[in-house]
Amino acid sequence: LMAAQIVALAVLLNFVFYRPLTETILERQDFIQKALADAKESLVKAESLFEEYEEKIALGRKEAQLLVSNAEKEAQEIVSVEVLKAQQDAQKLIDETNLELEKQKTQAIDMLEKQVDLLTDEIKNKLLVTS
C-alpha cells in the first residue's frame with residue numbers, strides 16, 4: 001500500500017509539478033536559443049553594414065582625392081595658360097614699342113638730315129656771298 005501511495009504521489013507530482021516545470025524550462029531554453037540566434041544574426045548584419053560603410057567611406061575618400069587632384073591639375077593648366085598669354089602679351093607690347101622707337105628714330109634721323117642740309121646750304125650761301 002505504501003508503495004502504491006509513493007507511485008501515485010510520484011505520478012501526481014510528475015503531472016502537477018515536474019511536467020509544467022519541465023515545459024517552462026524547455027520554453028525558456030527555446031527563448032534563450034532564439035534570442036542568441038537573433039543576436040548572432042544581428043551581429044552578422046552589423047558587421048556586414050560596418051564593412052559596407054567602411055568601403056563606401058574609402059571610396060568617397062578616393063573620389064574626393066581624385067576631385068582635388070583634378071582641380072589642382074585644372075588650376076595649374078589655367079595658370080600655365082594665363083602665364084603664357086601674359087608672356088605673349090608682354091612680347092607683343094615689347095615688339096610694338098620697338099617698332100615705335102625705330103619709327104621715331106628714323107623720323108629723328110630724317111629731320112636731322114634735313115636740318116644738316118639746310119645748315120649746309122646756309123653755310124654755302126654765306127660763303128658764296130662773302131667771297
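Reader: I'd like to start with one residue. What is the relative accessible area of leucine 9?

Author: Leucine 9 comes out at 46%, so it's partly exposed. The cut-offs help here: under 20% is called buried and over 50% exposed, so a value in between gets the middle label. Keep in mind that you're looking at a predicted model.

Reader: Okay, and where does leucine 9 sit?

Author: In helix H1. Leucine 9 also belongs to a nonpolar surface patch of about 790 Å², along with Val7, Val11, Leu12, Phe15, Val16, Phe17 and Tyr18.

Reader: Let's talk about H1, then. How many residues does helix H1 have, and how far does it reach?

Author: To read a helix's length, compare its end-to-end reach with what you'd expect at 1.5 Å a residue. H1 covers residues 2–130, which makes 129 residues. From its first C-alpha to its last it reaches 185 Å, close to the expected 192 Å.

Reader: Where does H1 bend?

Author: At asparagine 14, by about 45°.

Reader: How do I get a feel for distance along H1?

Author: Pick two residues and set their gap in sequence beside their gap in space. Isoleucine 94 and leucine 118 are 24 residues apart in sequence, and their C-alpha atoms are 36 Å apart. Isoleucine 94 has its place in H1, and with a relative accessible area of 45% it's partly exposed.

Reader: How many helices and strands does the whole chain have?

Author: One helix and zero strands. The radius of gyration is 55 Å, well over the 14 Å that the globule rule gives for 131 residues, so the chain is more spread out than a compact globule. You can see that in the C-alpha trace too, which spans about 190 × 10 × 10 Å along its principal axes.

Reader: What share of the residues is buried?

Author: Buried residues make up 0% of the 131 in the chain. The accessible surface comes to about 12300 Å², and 64% of that belongs to carbon and sulfur atoms.

Reader: Next topic: how many salt bridges does the structure hold?

Author: Two. To spot one, look for a side-chain nitrogen of Lys or Arg within 4 Å of a carboxyl oxygen of Asp or Glu. In one of them, the side chains of glutamate 41 and lysine 45 meet at 3.4 Å, N to O. Glutamate 41 is partly exposed at 44%, whereas lysine 45 counts as exposed at 51%.

Reader: Which residues form a salt bridge at 3.3 Å?

Author: Lysine 56 and glutamate 52, with that distance taken between their closest N and O atoms. Lysine 56 has a relative accessible area of 49% and is partly exposed. Glutamate 52, at 33%, is partly exposed as well.

Reader: Why can residues a few places apart in a helix point the same way?

Author: An α-helix has 3.6 residues a turn, so residues three or four places apart point the same way. Now apply that here. Glutamate 41 and lysine 45 both lie in H1, four residues apart, or about one turn of the helix. Lysine 56 and glutamate 52 are also four residues apart in H1, so about one helical turn separates them.

Note on methods:
Residues numbered from 1 in each chain as written. Predicted model: local features only at pLDDT ≥ 70, side-chain atom pairs only at ≥ 80, totals over all residues. Heavy atoms only, no water. Helix = DSSP H or I, 4+ residues; strand = E, 2+ residues; numbered from the N terminus. Expected span 1.5 Å × (residues − 1). Bend = angle between axes of the 7 residues up to and from the residue. Buried < 20%, exposed > 50% of the residue type's maximum accessible area, 1.4 Å probe, protein only. Rg over C-alpha atoms; globule rule 2.2 N^0.38 Å. Areas by Shrake-Rupley, 256 points an atom, 1.4 Å probe, with all protein chains shown as cover. Patch = residues over 30% accessible without salt bridge, like charges linked within 9 Å, V, L, I, M, F, W, Y side chains within 5 Å.
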